[in-house]
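Visitor: Could you take me through one part of this protein up close? I'd like to look at the place where its two domains meet.

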Amino acid sequence: GILNFCANNYLGLSSHPEVIRAAVEALEKFGAGLSSVRFICGTQSIHKDLEEKIARFHQREDAILYASCFDANAGIFEALLTPEDAVLSDELNHASIIDGIRLCKANKYRYKHMDMQDLEAKLQDAQKHRLRLVATDGAFSMDGDIAPLREICQLAEKYNALVFIDECHATGFLGPNGRGTDELLGVMDKVTIINSTLGKALGGAAGGYTTGPKPLIDLLRQRSRPYLFSNSLPPAVVGCASKALDLLMESNAIAQSMAAKTQRFRSKMTAAGFTISGKDHPICPVMLGDARLASVMAEDMLNRGIYVIGFSYPVVPKGKARIRVQISAVHSDEDIDRCVEAFTEVGRKHGALP
């Protein structure tokens, strides 16, 4: 009797019957796990097939699987960048990008959130280094805002830099065919490296990947420590992610359905008097400011059958507490309306609305 409005299950594929069936079939054929890392006996046909499918989906040359996108982010910067290089990172990038950058010996620059003037200044300063890599989330998970990739790619071209994007909150549903932020903004041929997850829209279980130029993927297979020293992805996870990609490449209907549902929630909540951060993204942060208010409102929402979670410091900056709502393709219009009604009742009760 409870509606889940806080999962990363953007496309509803974690409960899709075909996805579940594919996982069961892989489990029965290949077992619970392979008891090995990839380079020993952990590479089966399904892993190679999924990597090929990911590369095709993103229109890139090759791909490499990890246990999570956190591992993909931990594994790329150290393998790719040397003390002669520079990495330029948005200040609000995901913790896994920050941790991955900490592991490498490159010169580190942090530019203000989505501030292109500051990024250009940092790129000018970084010209003295051998290679420059701009790293950004495609869609930022806390605020639901989308990186200005067109401008980032223009600056990268001007200053001879590479562009890396983390697409965990974009893969599968942003863009006309769900390819992600680079498709949405028309720069698929400008972004060099994509890291993303299988644990959100693409089945919701686990797993991550890097996709990009084949020489980079070859390098990661030899040098990326989370890949070399972590067990291979379990067959059931590979099976469900592979089927999820099949469904997306067969039809863009599921991805397209997200836009209308997201717009419905955002417009109705705004009309009710709430401030919703971000733009046109199914991450819909209901900005409340006060941590205690976010917590008690979320509790009251659950009592009304709506499962949402309050976010406060240190997950978000002080004074920017919010309830982060996430819309899914499996939410009906009635579900969305019920959620808005509950928010309105609870907001009035606690003084968040007049």
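Guide: Sure, here is a walk through that meeting place, followed by a few other spots in the chain.

A word on the ground rules first: this is a predicted model, so local features need pLDDT of at least 70, side-chain atom pairs count only at pLDDT 80 or more, and totals for chains, interfaces and linings use all residues. Residues are numbered from 1 along each chain as its sequence is written, and side-chain values use heavy atoms, with hydrogens and water left out.

The domain assignment splits the protein into domain 1 (16-250) and domain 2 (252-350); such bounds come from an automatic or database domain assignment. Taken over C-alpha atoms, the centres of domain 1 and domain 2 lie 28 Å apart. Where they touch, domain 1 puts in 16 residues and domain 2 puts in 18, with contact meaning heavy atoms within 4.5 Å.

Together the two domains bury about 1,300 Å², and 58% of that is on carbon and sulfur atoms. (Buried area is the accessible area, with a 1.4 Å probe, that two parts lose on being put together, summed over both.) On the domain 1 side, Met-142, Asp-143 and Phe-173 supply 42% of the area buried against domain 2, more than any other three residues.

Asp-143 has another part to play here: it forms a salt bridge with Arg-322, with the closest N and O atoms 3.0 Å apart. To count as a salt bridge, a side-chain nitrogen of Lys or Arg has to be within 4 Å of a carboxyl oxygen of Asp or Glu. Side chains of opposite charge can pair when their charged atoms come close. The count between domain 1 and domain 2 is 1 salt bridge. The side of domain 1 that touches domain 2 has 8 nonpolar, 6 polar and 2 charged residues. In that sorting, Ala, Val, Leu, Ile, Met, Phe, Trp, Tyr, Cys and Pro are nonpolar, Asp, Glu, Lys and Arg are charged, and the others, Gly among them, are polar.

Now step back to the whole structure, where a search finds 19 salt bridges. One of them joins Glu-18 and Lys-243, at 4.0 Å from N to O. That pair ties together distant parts of the chain, 225 residues apart: Glu-18 is in helix 1 (residues 17-30) and Lys-243 is in helix 11 (residues 235-250). In total the protein has 14 helices and 12 strands, which are DSSP runs (H or I, at least four residues, for helices; E, at least two, for strands) numbered from the N terminus.

Two backbone oddities round off the tour. Most residues other than glycine have a negative phi, and most peptide bonds are trans. Ser-35, in the loop between helix 1 and helix 2 (38-42), has a positive phi near 55°. The peptide bond from Tyr-313 to Pro-314 is cis, with omega near 10°, and Pro-314 sits in the loop between strand 11 (309-311) and strand 12 (321-326).
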